[in-house]
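Colleague: I would like to learn how to read the contacts and surface features of a model, one at a time. Could you give me the general idea in each case and then show me where it applies here?

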Amino acid sequence: MADEHHRLGCYQYEAFGHENYNACFQNYVQNLSETYFWADADWGKPGMEFAEPQPEHKRLSPHLVSIRHQFHDYYDHVQAQLVMLSECVQVNGAPRDLQIDYKFYKNRKQAGSHLG
């Protein structure tokens, strides 16, 4: 079903920095002279400049803990257990433990997946 060159999927947790929030603010907020008093709190990140460590844009990938394959009459079930590094959890708010379930139906050309 999968090997080094044929992956089932790829989970990444994306963290954002100042430049991302500033770009979003500039692109989506209009009429700043009239809307700034509420738009900064809704669309901005007031106080982000005081955060330690300073937020930065990055994509974080988990480590595979285990993978299990179960055979059923109508589908095969693949379950991957993943874990994020503790720094990603504590600093960036990523989930620590992840479980991804795939179902490959034998009589249909459609596969289903569920992130849990």
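Colleague: Let us begin with salt bridges: how many does the structure hold?

Modeller: A salt bridge is recognised by a side-chain nitrogen of Lys or Arg within 4 Å of a carboxyl oxygen of Asp or Glu, and in this predicted model the structure holds 3 of them. One of these joins Arg59 and Glu14, whose closest N and O atoms are 3.2 Å apart. Arg59 belongs to strand E2 (residues 58–60) and Glu14 to strand E1 (residues 13–15), so this pair ties together parts that are 45 residues apart in sequence.

Colleague: Are Arg59 and Glu14 buried, exposed or partly exposed, and at what relative accessibility?

Modeller: With a relative accessible area of 53%, Arg59 is exposed, whereas Glu14, at 31% relative accessibility, counts as partly exposed.

Colleague: Which residue forms a salt bridge with Lys106, and how far apart are the closest N and O atoms?

Modeller: The partner of Lys106 is Asp76, and the closest N and O atoms are 3.4 Å apart. Lys106 is found in the loop between strand E5 (97–105) and strand E6 (111–115) while Asp76 is in strand E4, so the salt bridge ties together parts that are 30 residues apart in sequence. The side chains of Asp76 and Lys106 are also joined by a polar contact of 3.4 Å.

Colleague: Where does Asp76 lie, and does Asp76 count as buried or exposed?

Modeller: Asp76 is part of strand E4, which covers residues 75–83. The cut-off for buried is under 20% relative accessible area, and Asp76 counts as buried because its relative accessibility is 11%. Lys106, on the other side of the salt bridge, counts as partly exposed at 44% relative accessibility.

Colleague: What distance, N to O, is found for the salt bridge of Asp97 and Arg96?

Modeller: The side chains of Asp97 and Arg96 meet at 2.9 Å, N to O. Asp97 counts as partly exposed at 46% relative accessibility, while Arg96, with a relative accessible area of 51%, is exposed.

Colleague: Let us turn to aromatic rings. What describes a pair of them?

Modeller: Two quantities are used, namely the distance of the centres and the angle of the planes. The structure holds 5 aromatic pairs, and one of them is formed by Tyr28 and Trp43, which are stacked with 5.7 Å centre to centre and 15° between the planes. Tyr28 is in helix H1 and Trp43 in helix H2, so the pair ties together parts that are 15 residues apart in sequence. The rings of Tyr102 and Phe104 offer another case, with centres 6.1 Å apart and planes at 15°, and therefore this pair is stacked.

Colleague: How do Tyr102 and Phe104 read in relative accessibility, buried or partly exposed?

Modeller: Tyr102 counts as buried at 14% relative accessibility, whereas Phe104 is partly exposed, with a relative accessible area of 22%. Phe104 lies in strand E5, and its C-alpha is 8.2 Å in space from that of Val78, although Phe104 and Val78 are 26 residues apart in sequence.

Colleague: Where does the charged end of Lys103 sit?

Modeller: A ring can also be read together with a charge, and here the charged end of Lys103 sits over the ring of Tyr75, 4.8 Å from its centre.

Colleague: Which residues form the nonpolar patch on the surface?

Modeller: Tyr28, Phe37, Trp38 and Trp43 form the patch, and together they have about 530 Å² of accessible area. The largest share of the patch, 3 residues, comes from helix H2 (residues 32–43), while Tyr28 is placed in helix H1 (residues 18–28). Tyr28 counts as exposed at 57% relative accessibility, and Trp43 counts as partly exposed at 37%.

Colleague: Finally, the backbone: which residues does a cis peptide bond join, and which residue has a positive phi although it is not a glycine?

Modeller: The backbone is read through its torsion angles, and the cis peptide bond joins Glu52 and Pro53, with omega about -5°. Pro53 is placed in the loop between H2 and E2. The residue with the positive phi is Asn31, at about 55°, and Asn31 has its place in the loop between H1 and H2.

How values were computed
Residues numbered from 1 in each chain as written. Predicted model: local features only at pLDDT ≥ 70, side-chain atom pairs only at ≥ 80, totals over all residues. Heavy atoms only, no water. Helix = DSSP H or I, 4+ residues; strand = E, 2+ residues; numbered from the N terminus. Buried < 20%, exposed > 50% of the residue type's maximum accessible area, 1.4 Å probe, protein only. Polar contact = N/O pair within 3.5 Å; in protein donor to acceptor, adjacent residues only side chain to side chain. Patch = residues over 30% accessible without salt bridge, like charges linked within 9 Å, V, L, I, M, F, W, Y side chains within 5 Å. Areas by Shrake-Rupley, 256 points an atom, 1.4 Å probe, with all protein chains shown as cover. Phe/Tyr/Trp six-rings, centres within 6.5 Å; stacked < 30°, edge-to-face > 60°. Lys NZ or Arg CZ within 6 Å of the ring centre and 35° of its normal.
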